[in-house]
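Trainee: Could we go through this model together and test each term against its definition?
Mentor: Gladly; here it is.

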There are 2 protein chains.
Amino acid sequence: MRERVDTESRATHDDHLSVRVWLRLLACTNLIGGRVASRLRDDFDITLPRFDFMSQLERNPGGLRMTEISKRMMVTGGNITRIADQLLAEGLITRSVAPGDRRASIVKLSAAGRRAFGEMARRHEGWIVEMFAGVSETERNQLYALLAKLKRHLNAVESAAAR
Amino acid sequence: MRERVDTESRATHDDHLSVRVWLRLLACTNLIGGRVASRLRDDFDITLPRFDFMSQLERNPGGLRMTEISKRMMVTGGNITRIADQLLAEGLITRSVAPGDRRASIVKLSAAGRRAFGEMARRHEGWIVEMFAGVSETERNQLYALLAKLKRHLNAVESAAAR
DNA sequence: CGAATTTAGTTTAGGTATAAACTATCGGCG
DNA sequence: CGCCGATAGTTTATACCTAAACTAAATTCG
């Protein structure tokens with residue numbers, strides 16, 4: 001009996017720890033994301049998803065397909081369509097039919113888009129650095145490594161859970 | 001010149017680290033949150049915000065005001081109104097005028113709500129534990145501590161940045 | 001070759017987020 | 001008492017998210 005109680009008590013304790021870590025992870029992400037979003041809105045009148053969309057393009061000057069962007073942004077396709085429409089209307093991106101596949105289109109930053117994004121990215125990076133200034137470089141590296149491990153496990157169980 | 005270059009190069013390196021940590025934090029949160037949301041939907045036909053709403057009430061059996069719930073969920077008031085309406089329509093919560101303040105209302109879990117939430121919470125905790133099984137208890141504690149420090153700093157600069 | 005399947009992207013329906021304008025009540029103060 | 005600013009909550013406009021249904025083009029395979 002004694003052992004069983006101990007096991008359960010340990011399990012319970014541990015369960016709560018995982019939940020507490022999860023809630024804290026969520027709180028930090030929401031805090032940072034919310035602040036980034038509101039500064040992007042105030043300073044550049046742009047939303048976080050649109051900024052992310054542009055940053056994907058900036059990292060891939062050769063252009064990306066819609067599907068590629070949706071994968072990289074970890075978001076379903078419907079969103080991409082709408083965001084692309086808006087950025088196109090604002091002249092920040094260009095869109096052309098993919099050579100050899102008339103279903104697909106290739107999206108790139110326009111010259112205006114590159115210019116606008118450059119300034120935003122510089123400021124954005126500054127905000128992130130500020131927000132992480134409370135933890136030392138060593139700690140940032142620890143955090144980075146721990147999150148890598150977590151992410152790896154999450155991706156592993158995902159494939160397993162193709163039930 | 002040499003020194004200046006070094007400083008800049010270190011700063012750049014560090015900037016990128018902060019951004020990388022942020023992107024990974026975001027990725028982990030989205031992965032976990034997305035999975036929790038889809039399981040809640042599949043298994044219980046409920047959304048994450050509704051689940052969170054109920055969990056706030058479960059932790060406060062005496063009931064909460066709308067404003068209190070919105071603060072705890074870190075969400076603006078408009079959402080709370082809508083979610084409360086739906087949970088009320090489904091009979092999962094009760095709502096009554098606050099004694100001594102006719103503007104405010106007190107929301108509580110109904111008997112049906114408590115019953116439904118109990119089962120959901122049990123399963124929910126299991127999913128979280130599974131998803132964190134990739135990091136050891138020691139690592140979970142490290143993560144918890146690092147995130148605490150990050151959160152503390154975030155809250156500190158928030159008050160400072162009341163510009 | 002041509003039907004069946006897959007893939008790229010769009011559209012639609014339902015839910016949640018914010019910010020800002022609005023209603024109703026509360027509390028203080030002359 | 002009566003006005004006035006603060007507070008509780010709702011509503012509205014806009015944006016984003018997913019899932020699922022849909023169109024059109026590409027690919028597979030008998």
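**Testing the terms**

Mentor: Let's start with the contact between the chains, which takes 44 residues from chain B and 44 residues from chain A. Keep in mind throughout that this is a predicted model.

Trainee: Which helices supply the side of chain B that touches chain A?

Mentor: At least two residues each come from α1 (2-44), α5 (111-131) and α6 (137-160) of chain B. Helix α1(B) gives the largest share, 18 residues.

Trainee: And how does that side of chain B divide into nonpolar, polar and charged residues?

Mentor: It has 25 nonpolar, 7 polar and 12 charged residues.

Trainee: Turning to chain A, what is its pattern along the sequence?

Mentor: Chain A contains 6 helices and 3 strands, in the pattern α-α-β-α-α-β-β-α-α. Of its 163 residues, 20% count as buried.

Trainee: What makes β1 (64-65) and β2 of chain A edge strands?

Mentor: Each of them pairs on one side only. The open sheet of 3 strands has the order β1-β3-β2 in chain A, with antiparallel pairing.

Trainee: How do you know that β1(A) and β3(A) pair?

Mentor: Pairing asks for at least two bridges. Strands β1(A) and β3(A) have 2 bridges, in the antiparallel sense, and that meets the cut-off. In this region R65(A) stands opposite I106(A) in β3(A).

Trainee: What about β2 and β3 in chain B: how many bridges join them?

Mentor: There are 6 bridges between β2(B), residues 93-98, and β3(B), which run antiparallel. Set against the cut-off of at least two, that counts as pairing. Residue A98(B) has D101(B) as its bridge partner in β3(B). The two strands form a hairpin with 2 residues between them, and G100(B) in the turn has a positive phi of about 85 degrees.

Trainee: How do you know that the span of α4(A) is close to the expected one?

Mentor: Helix α4(A) has 13 residues, for which 18 Å is expected at 1.5 Å a residue. From first C-alpha to last it reaches 19 Å, close to that value. After α4(A) comes G91(A), with a positive phi near 75 degrees.

Trainee: Which residues of α4(A) are called buried, and which are exposed?

Mentor: Buried asks for 20 or more other C-beta atoms within 10 Å of a residue's own. I80(A), I83(A) and L87(A) are the residues of α4(A) that qualify. Exposed asks for 12 or fewer, and on the other side of α4(A) that label goes to G78(A), T81(A), R82(A), D85(A) and A89(A).

Trainee: Why is it said that the buried residues line one face of α4(A)?

Mentor: Seen down the axis of α4(A), they fall within an arc of 75 degrees, so they line one face of the helix. As a rule, an α-helix has 3.6 residues a turn, so residues three or four places apart point the same way. The cover over the buried residues of α4(A) includes α2, α3 (66-72) and β2 (93-98) of chain A.

Trainee: Lastly, which residues come nearest to DNA strand D?

Mentor: They are T47(A), G78(A), G78(B), T81(B) and A104(B), out of 23 residues around the strand. To be counted as near, a residue needs its C-beta atom within 6 Å. Among the elements giving two or more residues to this surface are α4 (77-89) and β3 (101-109) of chain A. The surface divides into 6 nonpolar, 10 polar and 7 charged residues.

Definitions and conventions
Residues numbered from 1 in each chain as written. Chains lettered and ligands numbered in written order. Predicted model: local features only at pLDDT ≥ 70, side-chain atom pairs only at ≥ 80, totals over all residues. Helix = DSSP H or I, 4+ residues; strand = E, 2+ residues; numbered from the N terminus. Nonpolar A, V, L, I, M, F, W, Y, C, P; charged D, E, K, R; others polar. Expected span 1.5 Å × (residues − 1). Arc of directions from axis to C-beta. Contact = placed C-beta atoms within 7 Å.
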